[in-house]
Amino acid sequence: MSIKNQFSKSNCLNFIIHLLISLLCVLVLSVILLCLFAKLICTVDIPLYLSVPFATISVCISVLVAAMLFAALRGEKGLIYGFILGIFVFIILCIIAIAKGDSSFTGLATLKFIALCCSGAIGGYMGISLKVKAKHKY
C-alpha cells in the first residue's frame, strides 16, 4: 500500500468510523457486564473490595471483544489497532475519573492501562486471525 493511499481522506474517515463503532461496542458490553456484576453482588455475598478487579475485568473483556470487531473491520494490523483501542478506552476512563474529581494517578491506574492495552492487542490479533480463518474456509 502506498503512502498516499494509506493516508487518504476516505481511509482516515473509515478509521474514525470503525473506532467509534468499537468504542460504542465497549460502552454497551461494559454496561451489560457491569450490570451482571451488580446483580451478582446483590444476590451473592461478595466482599466489596472485589468490585475494582471485577470492574476492570469487565472493561477488559469489553475491550477484547471490541478490538476483535475493530480489527475485523479494518482487516489489517490487528495488534496495533487493538492497542490503540485500549489506549482510547483508558483515556476516556481517565477523563471520567478527572470529571469525578479523582485526579491522582496511582499504580492501579497503571495496571489498568496495561490490562486494557494487552486485552485490546490480544482482541485485535484474534480478530485478524478469525478473519483470515474465515477467508480460507472451504
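**Legends to close-up views of a predicted helical model**

**View A. Ser 30 in helix α2.** At 10% relative accessibility, Ser 30 counts as buried, the term being reserved for residues under 20% relative accessible area, with exposed meaning over 50% and partly exposed the range in between (1.4 Å probe, protein chains only). The model is a predicted one, in which local features need pLDDT of at least 70 and side-chain atom pairs count only at pLDDT 80 or more, while totals for chains, interfaces and linings use all residues. Residues are numbered from 1 along each chain as its sequence is written, and side-chain values use heavy atoms, with hydrogens and water left out. Ser 30 belongs to helix α2, where helices (H or I, at least four residues) and strands (E, at least two) are DSSP runs numbered from the N terminus. With residues up to four places away in sequence set aside, Ser 30 touches Val 59 and Ser 62, a contact being heavy atoms within 4.5 Å. Both Val 59 and Ser 62 are among the buried residues of α3.

**View B. The chain as a whole.** The chain holds 5 helices and 0 strands, and from the N terminus on its elements run α-α-α-α-α. Its C-alpha atoms fill a box of roughly 55 × 40 × 20 Å, taken along the principal axes. Of the 138 residues, 28% are buried. Among contacts with a separation of 6 or more, 81% join residues 24 or more positions apart. The accessible surface amounts to about 9100 Å², and carbon and sulfur atoms account for 76% of this surface; areas come from the Shrake-Rupley method with a 1.4 Å probe, and for residues only the protein chains shown count as cover.

**View C. Helix α2 and its nonpolar surface patch.** The 35 residues of α2 should span 51 Å at 1.5 Å a residue, and the end C-alpha atoms are 51 Å apart, which agrees; the expected span is 1.5 Å times one less than the number of residues. Buried positions of α2 include Asn 11, His 18, Leu 23, Val 26 and Phe 37. Leu 24, Leu 27, Val 28, Val 31, Ile 32 and Leu 36 form a nonpolar patch on the surface, with about 550 Å² of accessible area together. Patches are made of residues with over 30% relative accessible area and no salt bridge, with like charges joined within 9 Å and nonpolar side chains (Val, Leu, Ile, Met, Phe, Trp, Tyr) within 5 Å; a salt bridge is a side-chain nitrogen of Lys or Arg within 4 Å of a carboxyl oxygen of Asp or Glu. Ile 32, a residue of helix α2, is partly exposed because its relative accessible area is 45%.

**View D. The largest nonpolar core.** This core has 15 residues, and those with the most contacts inside it are Val 26, Val 63, Leu 85, Val 89 and Leu 116. A nonpolar core is a set of buried Ala, Val, Leu, Ile, Met, Phe, Trp, Tyr and Cys residues joined through side-chain atoms within 4.5 Å. Two or more residues of the core come from each of α2 (9-43), α3 (51-74) and α4, and α3 gives the most, with 6 residues. Val 89 touches Leu 23, Val 26, Val 59, Val 63 and Leu 116, again not counting residues up to four places away in sequence.

**View E. Helix α3 and the loop after it.** For the 24 residues of α3, the expected span is 34 Å, which agrees with the 34 Å between the end C-alpha atoms. Thr 56, Cys 60, Met 68 and Arg 74 are among the buried residues of α3. Gly 75 follows α3 and has a positive phi, near 80°. Lys 77 lies in the loop between α3 and α4; its phi is near 50°, a positive value in a residue other than glycine. Most residues other than glycine have a negative phi. With a relative accessibility of 39%, Lys 77 is partly exposed.

**View F. Helices α4 and α5.** Helix α4 (residues 78-100) has 23 residues and should span 33 Å, in agreement with its end C-alpha atoms, which are 33 Å apart. Its buried residues are Gly 78, Tyr 81, Gly 82, Leu 85, Gly 86, Val 89 and Phe 90. Ile 91, also in helix α4, counts as partly exposed because its relative accessibility is 42%. The C-alpha atoms of Ile 91 and Phe 113 are 9.0 Å apart, with these positions 22 residues apart in sequence numbering. After α4 comes Gly 101, with a positive phi near 105°. Leu 108 is part of helix α5 (residues 107-135) and is partly exposed at 41% relative accessibility. A distance of 9.6 Å separates the C-alpha atoms of Leu 108 and Val 52, which are 56 residues apart along the chain.
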